[in-house]
Amino acid sequence: MGEALALAERSRAQTAPNPNVGCVIVAEGRIVGQGWTQPGGRPHAEAVALAQAGAAAEGATLYVTLEPCAHVSARGPACADLIRAARPARVVVALTDPDPRTNGQGIARLRQAGIAVTEGVCRGEARRSMAGFLTRLALGRPHVTLKLATSLDGRIALPSGESRWITGPEARADVHRERARHEAILVGRGTFEADAPRLDVRLPGLEHRSPRRLLLTRGPAPEGWEALSDVADLGALTGVDHLLVEGGAGAAAAFLAADAVDRLLFYRAPILIGAGTSAIGDLGLASLAEAHGRWRFIEARSLGSDRREVYERERD
């Protein structure tokens, strides 16, 4: 399942509105088929893996990060039916598909065909992998990551406005990797005017994964940019299941105040700035109690001299 999850990451931010899924087929201790959802959402991971495995899929074990779909589409057959025809002995599923067109029906169809099904293996990792798809279904908007690159005392610029560079090259390269995992990226008007950011992906081989550029503004957007007038309009973004908010204390505060941030991505540099620009504007909290219990720590690691920390919003 770990291999299937790794494969699913290859198509993250390339499959909307479909989820990015990974699939691995194992027979007699070796991988005979593997696949991931292709750009644009089709073919599905299971179809790719089954085509590669061919007759070797019979009697094998199929690992998939999301329940095989149960609905027939004009773009392809139901994966549950493809798997039934291939006759593996067992299917291991990380996460049940909440899409009402499947939602347990794919698993039921496999079991009716005499295929053993194991559910819930690496469920948490699968939810994180398909956060965009799941957030769109549950909340009607993209999954939002707020990225902050700060000093130890939470500053993003000197009083003069100088901000390049707070973090080192390793952290900046990681930001480019994150950009490649999102369909769109957003900054506020202040950041746009002060920094003229490119917001592209500058990692060799991933330049084509540069996201769409959004500007949080009530006015028109310049050429090559799209305007988002209000955080409340997030649900209207088409083809965007993962949004990276990258710049501006005002934009950060707007998304946080609207409770529209699902993931916090902190890059902390081992420097102190003192007076300067804060990373986040006023959130309008009436008491400290309102700030507690909102964020769950996920991971931390070093990137050169900097520290990368990830937190997720606590939601039901």
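**Close-up views of a predicted chain**

Of the 316 residues of the chain, 47% count as buried, where buried means under 20% relative accessible area, exposed over 50% and partly exposed in between (1.4 Å probe, protein chains only). The model is predicted: local features need pLDDT of at least 70, side-chain atom pairs count only at pLDDT 80 or more, and totals for chains, interfaces and linings use all residues. Residues are numbered from 1 along each chain as its sequence is written, and side-chain values use heavy atoms, with hydrogens and water left out.

**View 1. The whole chain holds 9 helices and 15 strands.** Helices (H or I, at least four residues) and strands (E, at least two) are DSSP runs, numbered from the N terminus. The radius of gyration is 22 Å, close to the 20 Å that the globule rule gives for 316 residues, so the chain is as compact as a globular protein of that length. That radius is taken over C-alpha atoms, and the rule is 2.2 Å times the number of residues to the power 0.38. Along the principal axes, the C-alpha atoms fill a box of roughly 65 × 45 × 40 Å. Among contacts (heavy atoms within 4.5 Å) with a separation of 6 or more, 71% are between residues 24 or more positions apart. The chain exposes about 14,400 Å², of which carbon and sulfur atoms supply 51%; accessible areas come from the Shrake-Rupley method with a 1.4 Å probe, and for residues only the protein chains shown count as cover.

**View 2. An open sheet of 8 strands runs in the order S10-S9-S8-S11-S6-S12-S15-S14.** Its pairing is mixed; two strands pair if DSSP finds at least two bridges between them. Strand S10 (226-228) and strand S14 (295-303) stand at the edges with a single partner strand each, so one side of each is left without a neighbour in the sheet. Neighbouring strands are turned by 25° against each other on average, direction ignored. Axes are lines fitted to C-alpha atoms, for helices over the stretch in contact, and angles run from 0 to 180 degrees between N-to-C directions. Strands S12 (residues 263-268) and S15 (residues 306-313) run antiparallel and are joined by 6 bridges. One residue pair can be picked out here: the bridge partner of Arg263 in S15 is Glu312.

**View 3. Helices H7 and H9 pack on the sheet of View 2.** Helix H7 (residues 169-179) touches strand S6 (143-150), strand S8 (184-188), strand S11 (242-247), S12, S14 and S15. The direction of H7 makes about 160° with that of S12. Helix H9 (residues 249-257) touches S6, S8, strand S9 (212-216), S10, S11, S12 and S14, and its direction makes about 140° with that of S6. The buried residues of H9 are Ala249, Ala251, Ala252, Ala253, Phe255 and Leu256. Just after H9, Asp259 takes a positive phi of about 55°.

**View 4. Glu178 sits in helix H7.** Glu178 counts as buried, at 1% relative accessibility. Leaving aside neighbours within four places in sequence, Glu178 is in contact with Leu244, Arg263, Leu265, Tyr267 and Arg308. Glu178 also belongs to a network of salt bridges that links Glu9, Asp174, Arg177, Glu178, Arg181, Arg263, Glu299, Arg301 and Arg308. A salt bridge is a side-chain nitrogen of Lys or Arg within 4 Å of a carboxyl oxygen of Asp or Glu.

**View 5. Three of the salt bridges are picked out by residue pair.** The structure holds 31 salt bridges. Side chains of opposite charge can pair when their charged atoms come close. Arg101 and Asp99 meet at 2.8 Å, N to O; Arg101 is partly exposed, with a relative accessible area of 47%, whereas Asp99 counts as buried at 9%. Arg198 and Asp200 meet at 3.0 Å, N to O, and Asp200 counts as buried at 17% relative accessibility. In the bridge of Arg301 with Glu299, the closest N and O atoms are 3.9 Å apart. Arg301 counts as partly exposed at 32% relative accessibility, and Glu299 counts as partly exposed at 32%.

**View 6. An open sheet of 5 strands has the order S2-S1-S3-S4-S5.** The pairing is mixed. Strand S2 (30-36) and strand S5 (116-119) stand at the edges, each with a single partner strand, so one side of each has no neighbour in the sheet. Neighbouring strands of this sheet are turned by 15° against each other on average, direction ignored. Strand S1 (residues 22-27) and S2 run antiparallel, joined by 6 bridges, and the bridge partner of Val24 in S2 is Gln34. Helix H4 (residues 105-112) lies across strand S4 (90-93) and S5, at about 150° to S5.
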